[in-house]
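The following note sets out some points on aromatic contacts, solvent exposure and charges over rings. It is meant to be read beside the coordinates.

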Amino acid sequence: MTTMNVTTAPTNTEEVIICSEVHKWYGDFHALRGISLTVKKGEVIVILGPSGSGKSTFIRCINRLEEHQQGDIVVEGTTLNYDVRNIAEIRREVGMVFQQFNLFPHLTVLENITLAPIHVRKWTRDHAEDRAMHWLTRVGIPEQANKYPGQLSGGQQQRVAIARTLTMEPNILLFDEPTSALDPEMIKEVLDVMRDLATEGYTILAVTHEMGFARTVADRIIFMDAGQIVEENTPENFFTNPNNERTKLFLNQILHH
Amino acid sequence: MAELSPTPPKGQQPIPFWRDGRVIGVLAQIAFVILVALGTAWLLRNVNDNIGALGSFRCADGTESFRCGFNFLSIDAQFDISESIIQYNPSDSYGRALVVGALNTIKVTVLGVILATILGTLAGIARLSTNWLVSNLAKWYVDFFRNTPLLLQLFFIYFGVILLFPAIQDAVQPFGLPIFLSQRGINMPGPVFMPSFAIWMAFLILGLIQAQVTWLFLGRQEQQTGRNSNRGWWAVASFLLVALIGWYVAGSTADSQGILVARATRVREFSDIEALVLGRLPVDNLNDIDTAVADGRLTQEDLTAASLHICSVQDDPSQVNFTSQLRRAGIPYVVNRSDRLDQATEAYAAGDCEVLVATRSALAAERNVLENGANLSIIPIAETPVRMAVPRIEGLNFVGGIKLTPSFAAILIGLVLYTGAFIAEIVRAGIQSVPKGQTEAARALGLSESQRLRLVVLPQAMRVIIPPLTSQYLNLAKNSSLAIAVGFADLWAIAYTTLNQSGRSVQVFIIVMAAYLTLSLTISFLLNWYNRRISLVER
């Protein structure tokens, strides 16, 4: 991978995401207040926190769906700045799965998945469809390839969205509350897919409210509150022996409701 | 409980008919049908009585027949129509006059729909721009044209803008382009198709087939090798190559056009003409003519006298072909135009001009007619499949190119500006109706901004845009009947004249309404068909 316009210090190749002192404002509202985080290759990080704490905003800054106003974000050696070439390069290597799936309703499942590989990666249609079917099989719904998103259940749609992201062959995956819009019995099918991916060497940043997933899959848990990281811990310590008062309160709220 | 209530529980009792939803529905429908039937019968009786009183549908033998009512269509119209796509003169029938009007309505509708769509789409996208000036310009445009009456706008464009253009001698050329704005309307260059265009067309079709084959072949190769071969580019490039070869082949094999010229002039081929004209001018080089005129060495009269005098048939392709080559060589010329070839030959025989231009076969026939035919030679003139005809002032008129009369320009510009404002809002609403998540997903997948718009946003916006867009197209078609206000001879303008002259009001209205209905239904049929094709599949 070429590195251009890298303005920060030389990076360890193992550190695929480096955020330092990232600030973001929405008008007067200070949404992110100096987030610093380094993610190593293959790490699975789960970000927890109360609503409005800036979790989603933070991971959406990593592929520039939101613009940060201060601080540096370096993804795989490429600095995220106003250079559209850098942005395009980072978006090619970083995949994202959304809460609302955001499948393209006018395209079939197969067309949804092959759109970006054909137009961005410049693959041939045959190669793209081949890879798409591979990933559809992996997420367990190859028979839905020629249906439209409107004809699928929520869980199936989210698995298509995951297949769409994976077919682009990213190294880093961002999950923005992937199970929050799903019926309870569909959550498991999506979490199972995510669990598989975590064991396969993808670098994962996930915002989720699934505590079971966080406890069993995460290498590290980040707890955010009011736009800051207030605790960074192993799952073991995080759930049994949290350091921070705010974390204790949060865990109390969700574990004893 | 059961013992306490001997009657069956509520809901299992028989329903009285006045509360039965099924019966109410049927009764309401019957009542509605009766009302409609009564209303229609009253209207029809009224029409029938009036027709009987007027005698509109009376035949020559005194009987009444629907067909006899339309016999007046074959009577001579006896009024002139300022512009027509087909041949028309006042001795033609009312029927033909109405056809001329219908074609003019179709012309303004089709052009209007195309231009309004382009303008509206651009303005709609501009309104969503983050650039303050761009979005506000679009907003002001939309607000101004949407909030003032169309009739007022038409009057303003016609009387306040186009009729205030300078006289023909001082025609305005915006940005130095060969487009002329004058009281005569708008004149601009237009293509003229030469006889060899047919040969070029054959090459174009060949090129299309060839490009398709290339595309399929490379596609199969891609499947085998799994490597992207840019087959789209290869297909376009090979098509352009075939088109280019065809252009030269068609141009060089065609030898259909020529000029008839006296042997005494010593003109043996096209390039000799320059020497002939130069010999009559006090300059050494054709490029010096302008400076010579400017510093007074050469008067305009002398220049005209020294120019190459050409006789030809009005708007003949061979004349456009010849004069466009003269223009490129910088040779001054004067054209003497006739309506028919024999008139052009007469003018030539009378000595009005030095050369007669037409197809070579026609020239050979004309030479046999002329007394001094033996002294005349036919010189072939090169041609290309398409020549651009540029407007040129000759006397008090523009000749050549495409001509928009003031009336047509006014109604077209008026309809386009007015409808474009509505279309802009529809396009904006359509784009804004696509959820933000779609844009985010497209960006997250790495699609560029133009790919995002083309592949994700616009296809979804189209579904919201098409139904109201259909209404706007229909409005444009129907609003074209305001052409009468600026004197454009559309269907309604001609129908109105017909009505006044013939007094057949019922028949004329039947014809006009049927015509507009046909036009509107055609438009909505086409757009409904397109709408069905792109509609979303759900469940």
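1. A residue is termed exposed when its relative accessible area is over 50%, buried when that area is under 20%, and partly exposed in between. The model under discussion is predicted, and these classes apply to the residues named below.

2. Aromatic pairs number 20 over all chains. One of them joins Phe17(B) and Trp18(B) in an edge-to-face arrangement, with 5.6 Å centre to centre and 85 degrees between the planes. Because the cut-off for exposed is over 50%, Phe17(B), at a relative accessible area of 54%, falls in that class. Trp18(B) is likewise exposed, its relative accessible area being 59%.

3. Trp132(B) and Trp140(B) make an edge-to-face pair, at 6.2 Å centre to centre and with 80 degrees between the planes. Are these two rings buried or exposed? Trp132(B) is exposed, since its relative accessible area is 57%, whereas Trp140(B) has a relative accessibility of 46% and so counts as partly exposed.

4. In chain A, a cluster linked by ring pairs comprises Phe223(A), Phe238(A), Phe239(A) and Phe250(A).

5. Charges over rings also merit attention. The charged end of Lys24(A) is placed over the ring of Tyr26(A), at 4.7 Å from the ring's centre. Arg64(A), for its part, lies over the face of Tyr82(A), with a distance of 4.9 Å to the ring centre.

Notes. Residues numbered from 1 in each chain as written. Chains lettered and ligands numbered in written order. Predicted model: local features only at pLDDT ≥ 70, side-chain atom pairs only at ≥ 80, totals over all residues. Heavy atoms only, no water. Phe/Tyr/Trp six-rings, centres within 6.5 Å; stacked < 30°, edge-to-face > 60°. Buried < 20%, exposed > 50% of the residue type's maximum accessible area, 1.4 Å probe, protein only. Lys NZ or Arg CZ within 6 Å of the ring centre and 35° of its normal.
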